[in-house]
Amino acid sequence: MRRLPLLVLAGLAAATVAACGGNPPPAQPGPQANADSIAAAERARQDSIARAEADARAREEAERVARQRAADSLAAMGRTTEAVRTMLAAMIHFDFDKSNIRSGDAGTLDQKVGILQANPNLRIRISGHCDERGSDEYNLALGNRRATAAKQYLVSHGIEAGRIETVSYGEERPIAQGHDETAWAQNRRDEFEILSGGDALRQP
Amino acid sequence: MTAVRRVGGQAVSGCVAAAALLTAYPPDRLAAQDTSVVDRGVRVGIIYRPGVRPGMVLLPGRPAVLDSVRAIVARDLDYSDRFEMITLPGGDSIRLGAAASPARAPGRGRTGGGEAAGLNYPLFQALGADFAVALTQAADTTVVTLHDIAAGGVRREARKRLPPITSPDFRLAVHRLADQVLQASLGTPGVAATRLLFVMDGKVWQIDHDGADKKLVSSSDRQAMSPAWAADGRRFAYMEFWAGHGQLFVQDMATGKRAPVVTTGAALDFTPAFSPDGKTLAFSRAIEEGTDVYTVNLKDNCCLQRLTVGRFSDNLSPTYSPDGQRIAFVSTRAGLPQIYVMAADGTDQQLFAPFDYGVTGSSNAPEWSPDGQSVAFHRDVAGTLQVFVLDVRTRTVRQLTSVGRNEDPTWAPDSRHLCFVSDRSGYRQLWIIDLETGRIRPLLQQSGARLPAWSPRLPETAASTP
């Protein structure tokens with residue numbers, strides 16, 4: 001039977017094709033040539049249906065792939081921006097009543113140097129914070145020194161000073177609410193916040 | 001309570017003698033005052049000598065409408081810490097007035113308040129009273145009669161039309177009556193008609209000196225710090241956190257209207273302090289170079305002047321001497337913050353409160369006393385803060401507190417009371433200490449109040465907020 005490979009070709013459209021294939025009457029007495037030509041026409045018709053359906057499927061698949069690629073690329077960009085933002089937001093911490101950058105925090109600041117270099121439109125604000133042990137008002141001056149210390153580090157590594165603002169919140173905005181060294185150590189910090197140019201960030 | 005007391009007059013000189021006695025004590029004696037757990041109204045540590053303060057009786061009486069007035073005046077006189085308040089035995093049940101001894105009354109004193117005239121002076125003398133105050137009502141006028149027990153007569157009578165009890169001015173008017181009693185009896189002005197500003201939950205609040213009538217005075221949702229009174233009691237300055245900087249405002253007490261002081265947009269300005277003439281505002285400004293003390297002309301909102309050039313040190317928290325000639329401030333020029341002083345134009349900067357280099361802890365938050373003789377501040381002692389007082393003339397310091405953490409002292413206009421923040425009760429709140437007697441009391445029973453600023457004696461008008 002020549003109809004069988006046709007059905008295989010038809011694939012998922014088998015139901016339709018099989019229905020069509022089931023229609024031709026069994027071999028009848030009559031002119032043979034005529035019967036052959038009818039069968040050929042029928043096969044051609046079947047082939048063209050199958051081709052059209054395959055083409056449609058291919059187009060759909062191509063579109064789906066294109067859409068997926070676009071989405072993947074956006075997601076990748078978003079993931080990058082998010083990762084860079086997280087890196088940029090990483091805080092640095094200080095010893096009690098001190099504003100010098102700890103050696104362990106230099107790496108954190110170096111990452112920020114790289115980010116600021118890779119994203120020339122990025123502007124940030126550094127806010128200095130203190131724990132609750134010192135004097136409320138003196139802590140504004142101390143927080144100012146802490147913010148300035150980080151800024152000076154970035155500037156000394158080639159970042160334009162005009163891209164960095166500093167502010168101090170003293171002990172007014174603690175992130176840890178406890179009254180022990182664990183909380184205090186967390187609260188003696190610099191925070192890094194994006195002012196502008198942070199919509200699509202490149203990896204350093 | 002009928003205290004065993006010296007009988008006789010000379011109350012004022014007795015009080016002065018007591019004050020002299022106290023100030024003659026070596027510093028460690030006063031430092032030792034604050035060593036026990038205290039409750040409301042309990043005196044701590046002081047060697048208390050009954051009889052050194054004049055006895056004061058607030059006479060019970062009618063009408064009942066005056067009960068709240070009487071209660072406020074009684075508390076004010078008590079909180080002045082200048083009297084031995086004497087409670088009559090049996091309270092109101094025993095009549096001690098004219099009825100007890102009508103024969104003594106005629107000729108003595110005028111019939112100011114009806115039943116208040118003519119007291120059984122010998123009986124009050126036996127109870128230890130030097131003064132007795134009667135509050136009566138004559139039509140719509142409240143009459144205050146001050147009896148001088150030793151002299152056996154009425155010393156002063158004051159008449160005052162008080163605002164209705166529902167009026168926001170009522171309590172301040174009653175506080176003024178109490179101050180009049182103090183003035184008439186001891187010849188010294190009181191601090192009853194004062195209020196304090198403080199910060200709680202990032203807002204500025206006011207409260208009467210007796211702990212009543214707490215009211216919100218800052219109108220914005222932004223975080224506020226460091227309220228400071230103008231010497232006229234009509235305005236105050238404070239700092240507010242704005243995006244990326246600290247903005248100073250001056251607010252009118254009566255209208256609640258406020259105006260920004262200097263608008264630079266970028267700097268962090270904080271710890272404002274009015275000059276005594278009210279024309280200049282000194283403050284701290286934090287920039288990348290560090291923090292320095294500046295002044296600005298308030299009238300024209302101009303003429304920014306930089307008084308200190310720190311470069312590698314911070315200079316902050318200015319406070320004017322009452323004559324306006326000098327400014328005490330905090331500087332880190334020696335490493336840790338310590339108290340310095342300079343002329344009001346920024347010249348002649350020198351150390352003010354002595355310290356041992358490498359030993360003495362950080363010193364901060366200075367406030368010059370209204371009489372010019374002292375500067376209160378706090379200092380880190382073994383990891384916690386304590387209130388100290390610097391004697392301006394001798395430049396010696398004495399430690400005033402030792403229980404818990406104590407900080408941010410502010411002077412009452414009488415220069416003998418200080419309000420400060422303390423966690424001695426388990427949480428941070430405002431306390432008031434009398435430097436003469438060592439008596440200490442909480443100003444309000446609420447956690448989180450800080451950065452207090454005691455007002456000057458408040459003017460008759462424009463003292464209340466709407």
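**Exercise 1. A charged pair in chain B**

Task: In this predicted model, determine whether Glu407(B) and Arg405(B) are buried or exposed, and find what kind of link their side chains form.

Solution: Begin with accessibility, for which the cut-off is that a residue counts as buried under 20% relative accessible area. By that rule, both Glu407(B) and Arg405(B) are buried. Next, look at the side chains, where Glu407(B) and Arg405(B) meet in a salt bridge with an N to O distance of 2.6 Å. The general idea behind such a link is that side chains of opposite charge can pair when their charged atoms come close.

**Exercise 2. A pair within one helix**

Task: Find which residue forms a salt bridge with Arg70(B), and explain why the two are separated by about one helical turn.

Solution: The partner of Arg70(B) is Asp67(B), and the closest N and O atoms of the pair are 3.2 Å apart. Both residues belong to helix H3 (residues 67-79) of chain B, and because they stand 3 residues apart in that helix, about one helical turn separates them. Now compare their surroundings: Arg70(B) counts as buried at 9% relative accessibility, whereas Asp67(B), at 42%, counts as partly exposed. To finish the step, notice that salt bridges with shared partners also join Arg75(B), Arg171(B), Arg195(B), Asp208(B) and Asp210(B) into one network.

**Exercise 3. A pair in chain A, and the total**

Task: Describe the salt bridge between Arg189(A) and Glu191(A), and state how many salt bridges the rule counts over all chains.

Solution: The side chains of Arg189(A) and Glu191(A) meet with an N to O distance of 2.8 Å, which lies within the 4 Å that the rule for a salt bridge allows. Arg189(A) counts as buried, with a relative accessibility of 1%, while Glu191(A) is partly exposed, with a relative accessible area of 26%. Over all chains, the count comes to 35 salt bridges.

**Exercise 4. Where the two chains meet**

Task: Work out how many residues each chain gives to the contact, what area is buried between chain B and chain A, and which strands of chain B take part with two or more residues.

Solution: First come the residues, of which the contact takes 37 from chain B and 24 from chain A. Second comes the area, since about 2300 Å² is buried between the two chains, with carbon and sulfur atoms giving 46% of that area. Third come the links: there are 4 salt bridges between chain B and chain A, and the rule finds 14 residue pairs in polar contact across the interface. A salt bridge between the chains joins Arg145(A) to Asp314(B), with the closest N and O atoms 3.1 Å apart. On the side of chain B that touches chain A, the elements that give two or more residues are strands E9 (224-229), E10 (235-242), E13 (268-274), E14 (280-287), E15 (290-297), E17 (315-320), E25 (406-411) and E29 (450-454) of chain B. The residues of that side divide into 15 nonpolar, 13 polar and 9 charged.

**Exercise 5. One residue of chain A followed closely**

Task: Locate Asp136(A), decide whether this residue is buried or exposed, and find which side chain of chain B is joined to it by a polar contact of 2.5 Å.

Solution: Asp136(A) lies in the loop of chain A between strand E2 (123-129) and helix H5 (138-156). With 1% relative accessibility, Asp136(A) counts as buried. The side chain joined to that of Asp136(A) by a polar contact of 2.5 Å belongs to Arg450(B). When residues up to four places away in sequence are left aside, Asp136(A) touches, in its own chain, Glu171(A) and Glu172(A), and, in the other chain, residues including Met225(B), Arg405(B), Glu407(B) and Leu451(B).

**Exercise 6. Two loop residues with positive phi**

Task: For Asp213(B) and Asp348(B), state the value of phi, then find where each residue is placed.

Solution: Phi is near 65 degrees in Asp213(B), a positive value in a residue other than glycine. Asp213(B) sits in the loop between strand E7 (203-208) and strand E8 (215-216) of chain B, and is partly exposed, with a relative accessible area of 31%. For Asp348(B), phi is near 55 degrees, again a positive value in a residue other than glycine. The place of Asp348(B) is the loop between strand E19 (338-343) and strand E20 (350-351) of chain B, and this residue is exposed, with a relative accessible area of 55%.

How values were computed:
Residues numbered from 1 in each chain as written. Chains lettered and ligands numbered in written order. Predicted model: local features only at pLDDT ≥ 70, side-chain atom pairs only at ≥ 80, totals over all residues. Heavy atoms only, no water. Contact = heavy atoms within 4.5 Å. Buried area = accessible area lost by both parts, 1.4 Å probe. Polar contact = N/O pair within 3.5 Å; in protein donor to acceptor, adjacent residues only side chain to side chain. Helix = DSSP H or I, 4+ residues; strand = E, 2+ residues; numbered from the N terminus. Nonpolar A, V, L, I, M, F, W, Y, C, P; charged D, E, K, R; others polar. Buried < 20%, exposed > 50% of the residue type's maximum accessible area, 1.4 Å probe, protein only.
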